[in-house]
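Here is a set of short exercises for anyone meeting this protein for the first time. Have a look at the structure, try each task, and then follow the solution step by step.

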Amino acid sequence: MQSDSPIPRRPCHAVKVGRATVGGGAPIVVQSMTNTDTADIAASVKQIAELWRAGSEVVRVTVNNPESAKAVPQIADKLAMMGIDVPLVGDFHYNGHQLLTDEPACAERLAKYRINPGNVGFGKKRDSQFGAIIDLANRYEKPVRIGVNWGSLDQALAQQMMDENALRSEPWSAARVLQEALVRSALDSAARAEQLGMPHNRILLSAKVSGVQELIAVYRDLAKRCAYPLHLGLTEAGMGSKGIVASTAALAVLLQEGIGDTIRISLTPEPGASRTQEVIVAQELLQTMGLRAFTPLVTACPGCGRTTSEFFQELAKSVQEHVRAKMPEWKISHPGAEHLTLAVMGCVVNGPGESKHADIGISLPGTGEAPAAPVFIDGEKKLTLRGDNIAQEFTALIDAYVEHKYKRG
């Protein structure tokens, strides 16, 4: 499936990750990562299912010890019994070569391996342990993501580049050397993987940092110097609005330039909150940029002195929750419903105009206005709602519109 994105995409080859295609002009893939103990099979299955239902197209799991490696096939089996076919990616650090060797069922069931060049091994062991993972990936025909992170950068490479920089007639800044080290680590590791027999169309790259400007600079450079698909993400983005704003600020710039083939929003969840927020933010980022459509989005006014009632806020929230809850069903029975546009407006100033621009819009009465809510469908005023059941009646109109316009066949 080719992307219908209005933004020209950076050319790169396609990589198959289970049932997902990353790069090659395919739609940008949304992925996420669990925070359960992978060895806790029930908890991991539950969270993966939640992430998948929220729209995650790839899910990464930690594989850090024999117990977690043994759990991977059982997790995959239980997901299959639930009808959930989502590619699982193994996140390996330090001992991935040993775990994949000792647990061939884990190596077989994972859709992709993530390797961090900064901690795949140290000293004389680094090349052999990296090579062992590549050999296993080749044996099982699995793609790999070579994922560099500035929090675990290859220190030998960083020191070598600092030494080289000191000999320059005009030395670079330390920040520029660090950025070059990130890019070099990714590219050199990819080249080494190809030397070991890894096909170029089974390699993806990432080079994550936690600073917005640094991330943009690193990925612009990386994109110019290779044709591998790129995984985007601001690492350790943070919690709440800070994490959302920082991730959006960084990724939106790169996506607008056609850089990025799969993304993850690395949010720190609020205590007790669902892990699925990172999926929703990723989807909304892509959808508001016009890159993909996942679920009908609601245009709603922020409110002002004309909208002293909270009803329009409550209606906007309930409508957004309703259509998001319906999308798993609509995706199968009413394809295209994800493109539906809705508007919930709070007064006469912009209400009718915004409602006309949406497929379905409602303009609620503001302070001092008549207690009536005109509804616009496909740009025309069709009816007026009044009374205590406006929310239920408006939701029913949305369902009827979807049934009429998007029903399969």
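The exercises below work through a predicted model, from salt bridges to a sheet, some loops and the spaces inside.

**Exercise 1. A salt bridge between strands**

Task: Find the residue with which Arg114 forms a salt bridge, and work out which parts of the chain the pair ties together.

Solution:
- Step 1. Look around the side chain of Arg114: its salt-bridge partner is Asp91, and the closest N and O atoms are 3.0 Å apart. That fits within the 4 Å cut-off for a salt bridge.
- Step 2. Place both residues. Arg114 belongs to strand E6 (residues 112–115) and Asp91 to strand E5 (residues 88–92), so the pair ties together parts that are 23 residues apart in sequence.
- Step 3. Check the accessibility. Buried means under 20% relative accessible area. Arg114 has 7% and is buried, and Asp91, at 6%, counts as buried too.

**Exercise 2. More salt bridges**

Task: Decide whether Glu278 and Arg275 are buried or exposed, then see which helices Glu284 and Arg324 lie in.

Solution:
- Step 1. Glu278 and Arg275 meet through their side chains in a salt bridge of 3.7 Å, N to O. Both of these residues are buried.
- Step 2. Move on to Glu284, which forms a salt bridge with Arg324; here the closest N and O atoms are 3.8 Å apart.
- Step 3. Glu284 lies in helix H10 (residues 277–288) and Arg324 in helix H11 (residues 311–333), so this pair ties together parts 40 residues apart in sequence. With 30% relative accessibility, Glu284 counts as partly exposed.
- Step 4. Salt bridges can also link into a network, as they do for Arg9, Arg10 and Asp261. The count of salt bridges comes to 22.

**Exercise 3. Reading a sheet**

Task: Put the strands of the open sheet that contains E15 in order, and say which are the edge strands.

Solution:
- Step 1. Trace the neighbours: five strands form the open sheet in the order E13-E14-E15-E16-E17, with mixed pairing.
- Step 2. Go to the edges. Strand E13 (297–300) and strand E17 (380–385) each pair on one side only, and these are the edge strands. On average, neighbouring strands of the sheet are turned by 20° against each other, direction ignored.
- Step 3. Recall that strands of a sheet pair through backbone hydrogen bonds, either parallel or antiparallel. Strand E14 (residues 341–345) pairs with E15 in the parallel sense over four bridges, and Val344 has Ile362 in E15 as its bridge partner.
- Step 4. Compare that with strand E16 (residues 373–377) and E17: they run antiparallel and are joined by five bridges. Pro374 stands opposite Thr384 in E17.
- Step 5. Finish with the side chains of strand E15 (residues 360–363). Ile360 and Ile362 point one way, Gly361 and Ser363 point the other way, and all are buried.

**Exercise 4. Positive phi angles**

Task: Find where Glu141 and Asp378 sit, given that each has a positive phi although it is not a glycine.

Solution:
- Step 1. Glu141 is in the loop between H5 and E7, and its phi is about 55°. At 60% relative accessibility, Glu141 counts as exposed.
- Step 2. Asp378 is in the loop between E16 and E17, with a phi of about 50°.

**Exercise 5. A cavity and a pocket**

Task: Name the kinds of residue that line the largest cavity and the second largest pocket.

Solution:
- Step 1. Three cavities of 30 Å³ or more are found in the whole structure, and the largest cavity has a volume of about 50 Å³.
- Step 2. Among the residues lining the largest cavity are Phe92, Tyr94, Ile115 and Gln129. Helix H3 (96–102) and H5 each supply at least two residues of this lining.
- Step 3. Sort the cavity lining by class: five nonpolar, six polar and no charged residues.
- Step 4. Turn to the second largest pocket, with about 350 Å³ of space. Of its 18 lining residues, Arg60, Asn149, Thr235, Glu236 and Arg264 lie nearest the centre.
- Step 5. Strand E7 (144–149) and strand E12 (267–268) each give at least two residues to the pocket lining. By class, that lining has two nonpolar, nine polar and seven charged residues.

Terms used: Residues numbered from 1 in each chain as written. Predicted model: local features only at pLDDT ≥ 70, side-chain atom pairs only at ≥ 80, totals over all residues. Heavy atoms only, no water. Buried < 20%, exposed > 50% of the residue type's maximum accessible area, 1.4 Å probe, protein only. 1 Å grid on protein atoms, 1.4 Å probe; cavity = no way out; pocket = protein on both sides within 12 Å on 5 of 7 lines; lining within 4 Å. Points joined across faces, edges and corners; volume = space filled by probe spheres on them. Nonpolar A, V, L, I, M, F, W, Y, C, P; charged D, E, K, R; others polar. Pairing = 2+ DSSP bridges. Axes fitted to C-alpha atoms, helices over the stretch in contact; angles between N-to-C directions.
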